[in-house]
Amino acid sequence: VLQLVESGGGSVQAGGSLRLSCAASGYTYSSVCMSWFRQAPGKEREGVARISPGGSLSSYADSVKGRFTISRDNAKNTVYLQMNSLKPEDTAMYYCAARPYNCRWSRPLEPVDYDFWGQGTQVTVSS
């Protein structure tokens, strides 16, 4: 079982930045696809970004392209989400998720493709 623990959420004003972290334990971390999802109240969970096991490939939702950057440090078993130029519509609970082996690059980010989830960290952006 892979355990995931997110941190780094908080409240910021529009235009600000936050860096989320997700620490993993209990599995061969370097062999898993890692992703970030978010869920706002009353909305479905949506994919934000994903990164390949080795860290060389990544993809983003259109809504965050150019503003968010996903990265990972396999030596520290940690994945990051750097969020810049935050907007009020980025307000949500952010979750990291893991999928054994590679990401499913041929399809959009879908929660059903991920086996392990963290408990979430809240991000609130005020205008």
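**Figure 1. Ring pairs link Phe37, Tyr114 and Trp117 into a cluster.** The view is taken from a predicted model. Across the whole structure, a search finds 3 aromatic pairs. In the pair of Phe37 and Trp117, the ring centres lie 5.0 Å apart and the planes stand at 55 degrees, so this pair is tilted. It links distant parts of the chain, since Phe37 belongs to strand 4 and Trp117 to strand 10, with their positions 80 residues apart in sequence. For Tyr114 and Trp117, the centres are 6.4 Å apart and the planes are at 70 degrees, so the pair is edge-to-face. Phe37 is buried, at a relative accessible area of 0%, and Tyr114 is likewise buried, at 6%. Trp117, by contrast, counts as partly exposed, with 26% relative accessibility.

**Figure 2. Strand 9 (residues 92-100) and its antiparallel partners, among them strand 4 (residues 32-39).** Of the 9 residues of strand 9, 7 are buried, so the strand is largely enclosed by the rest of the structure. Strand 4 and strand 9 run antiparallel and are joined by 8 bridges. Within this pairing, Cys33 stands opposite Arg99. Strand 11 (residues 121-126) pairs with strand 9 in the antiparallel sense over 3 bridges, and here Ala92 faces Val123 as its opposite residue. Strand 10 (residues 116-117) is also antiparallel to strand 9, with 2 bridges between them. In that pairing, the bridge partner of Ala97 is Trp117, the residue that also takes part in the ring cluster with Phe37 and Tyr114.

**Figure 3. An open sheet of 4 strands in the order 1-3-8-7.** The pairing in this sheet is antiparallel. Strand 1 (3-7) and strand 7 (68-73) stand at the edges with a single partner strand each, so one side of each is left without a neighbour in the sheet. On average, and with direction ignored, neighbouring strands are turned by 15 degrees against each other. Strand 1 pairs with strand 3 (residues 18-25) in the antiparallel sense, over 5 bridges. Gln3 stands opposite Ser25 of strand 3.

**Figure 4. The disulfide between Cys22 and Cys96.** A search of the whole structure finds 2 disulfides. In the link shown here, the S to S distance is 1.9 Å. The angle about the S-S bond is 45 degrees, and the link is right-handed. Cys22 lies in strand 3 and Cys96 in strand 9, so that the pair links distant parts of the chain, 74 residues apart. Both Cys22 and Cys96 are buried.

**Figure 5. The disulfide between Cys33 and Cys103.** The sulfur atoms of Cys33 and Cys103 are 2.0 Å apart. The link of Cys33 and Cys103 is right-handed, with 100 degrees about the S-S bond. Cys33 lies in strand 4, whereas Cys103 lies in the loop between strand 9 and strand 10, so the pair ties together parts that are 70 residues apart in sequence. Cys33 is buried, with a relative accessible area of 0%, and Cys103 is buried as well, with 7%. When the bonded cysteines of the protein chain are numbered in sequence order, the pairing is 1-3, 2-4.

**Figure 6. Surroundings of Ser52, in the loop between strand 5 (46-51) and strand 6 (58-60).** With a relative accessibility of 5%, Ser52 counts as buried. Leaving aside residues up to four places away in sequence, Ser52 touches Val32, Leu57, Arg72, Asn102, Cys103 and Trp105. One of these contacts, Cys103, is the disulfide partner of Cys33.

**Figure 7. Arginine side chains over tyrosine rings: Arg19 with Tyr80, and Arg45 with Tyr95.** Arg19 lies over the face of Tyr80, at 4.0 Å from the ring centre. In the other pair, the charged end of Arg45 sits over the ring of Tyr95, at 3.9 Å from its centre.

Technical notes
Residues numbered from 1 in each chain as written. Heavy atoms only, no water. Pairing = 2+ DSSP bridges. Axes fitted to C-alpha atoms, helices over the stretch in contact; angles between N-to-C directions. Buried < 20%, exposed > 50% of the residue type's maximum accessible area, 1.4 Å probe, protein only. Phe/Tyr/Trp six-rings, centres within 6.5 Å; stacked < 30°, edge-to-face > 60°. Lys NZ or Arg CZ within 6 Å of the ring centre and 35° of its normal. Contact = heavy atoms within 4.5 Å. Disulfide = S-S within 2.5 Å.
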